[in-house]
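Pull up the model and have the sequence handy. We'll walk through it one piece at a time.

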Amino acid sequence: KSDPIKGKKIYQATCALCHAAGVAGAPKPGDMAAWGPRVAQGYATLYNHAITGIRGMPAKGGNPSLSEADIANAVGYMFSESGGKL
């Protein structure tokens, strides 16, 4: 289960480097048009993409020190901020 408070902190420390500015097509949290198709894939798919990397995003957002729980929290935060229901 995702912890939104921890997820926001991890997002701010790691994920926001690309997602806040939309670097290389990274969807900005809250951008429903960009996140809609991603949310439709489901949380588990997005979590797996974050763990292994996808397109321009490296595994674990480029921070290998993040645990799987950290990734789950960060993905849960962005998913929830972008219209997904956990």
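At roughly what angle do the axes of helix 1 and helix 4 cross, and within what distance do they come? Keep in mind that we're looking at a predicted model here. In it, the two axes cross at roughly 80° and come within 7 Å. Angles of 65 to 115 degrees count as roughly perpendicular, so helix 1 and helix 4 are roughly perpendicular to each other. To see who does the touching, colour P4, K6, G7, K8, I10, Y11, C15 and H19 on helix 1, then D70, N73, A74, Y77 and M78 on helix 4: those two sets meet. Sorted by class, the residues of this contact come out as 7 nonpolar, 3 polar and 3 charged.

Stay on helix 1 for a moment, which covers residues 4-19, and click on H19, which sits in that helix. Is H19 buried or exposed? Its relative accessible area is 9%, and buried means under 20%, so H19 is buried. Even with residues up to four places away in sequence left out, H19 touches Y11, A26, P27, K28, P29, W35, M57 and M78. P29 is a nice one to check by eye: H19 and P29 are 10 residues apart in sequence, and their C-alpha atoms are 7.1 Å apart in space.

T14 is also part of helix 1. With a relative accessibility of 11%, T14 counts as buried too. What does T14 touch, once residues up to four places away in sequence are set aside? The list is K60, G61, N63 and L66.

K60 is worth a look for its backbone. You'll find K60 in the loop between helix 3 and helix 4, and it has a positive phi of about 55° although it is not a glycine. Most residues other than glycine have a negative phi. A24 is another case: this non-glycine residue has a positive phi of about 55° as well. A24 lies in the loop between helix 1 and helix 2. Its relative accessibility is 73%, and over 50% means exposed, so A24 counts as exposed.

Now for helix 2 and helix 3. These pack at an angle of about 105°, with their axes 5 Å apart. That angle makes helix 2 roughly perpendicular to helix 3. On the helix 2 side, W35, R38, V39 and Q41 take part, and they meet T45, L46 and H49 in helix 3. The residues here divide into 3 nonpolar, 3 polar and 1 charged.

Next, follow helix 3 over to helix 4. How do these two helices lie relative to each other? Their axes come within 9 Å and cross at roughly 130°. The two helices are therefore oblique to each other, and helix 3 passes helix 4 in a right-handed crossing. Here Y43, L46, Y47, A50 and I51 in helix 3 meet E68, I71, A72, V75, G76 and F79 in helix 4. By class, this contact has 9 nonpolar, 1 polar and 1 charged residues.

Zoom in on I51, a residue of helix 3. With a relative accessible area of 18%, I51 is buried. Beyond its neighbours within four places in sequence, I51 is in contact with A59, K60, E68 and I71. Try putting a distance on I51 and S67 as well: they are 16 residues apart along the chain, and their C-alpha atoms are separated by 9.3 Å. Then hop to I71, where the contacts, again without neighbours within four places in sequence, are Y47, A50, I51, K60 and L66.

That brings us to the nonpolar core. Which residues have the most contacts inside the largest one? They are Y11, I71 and M78, in a core of 18 residues. Helix 1, helix 2 (32-41), helix 3 (43-52) and helix 4 (68-81) each supply at least two residues of this core. Helix 4 gives the most, with 7 residues. Some of these names have come up already: Y11 and M78 are among the residues where helix 1 and helix 4 meet, and I71 is among those where helix 3 and helix 4 meet.

Terms used
Residues are numbered from 1 along each chain as its sequence is written. This is a predicted model: local features need pLDDT of at least 70, side-chain atom pairs count only at pLDDT 80 or more; totals for chains, interfaces and linings use all residues. Side-chain values use heavy atoms; hydrogens and water are left out. Helices (H or I, at least four residues) and strands (E, at least two) are DSSP runs, numbered from the N terminus. Buried means under 20% relative accessible area, exposed over 50%, partly exposed in between (1.4 Å probe, protein chains only). Contact means heavy atoms within 4.5 Å. A nonpolar core is a set of buried Ala, Val, Leu, Ile, Met, Phe, Trp, Tyr and Cys residues joined through side-chain atoms within 4.5 Å. Axes are lines fitted to C-alpha atoms, for helices over the stretch in contact, and angles run from 0 to 180 degrees between N-to-C directions. Angles under 35 degrees count as roughly parallel, over 145 as roughly antiparallel, 65 to 115 as roughly perpendicular and the rest as oblique. A crossing is left-handed if the near helix is turned anticlockwise from the far one by less than a right angle, and right-handed if clockwise. Ala, Val, Leu, Ile, Met, Phe, Trp, Tyr, Cys and Pro count as nonpolar, Asp, Glu, Lys and Arg as charged, and the others, Gly among them, as polar.
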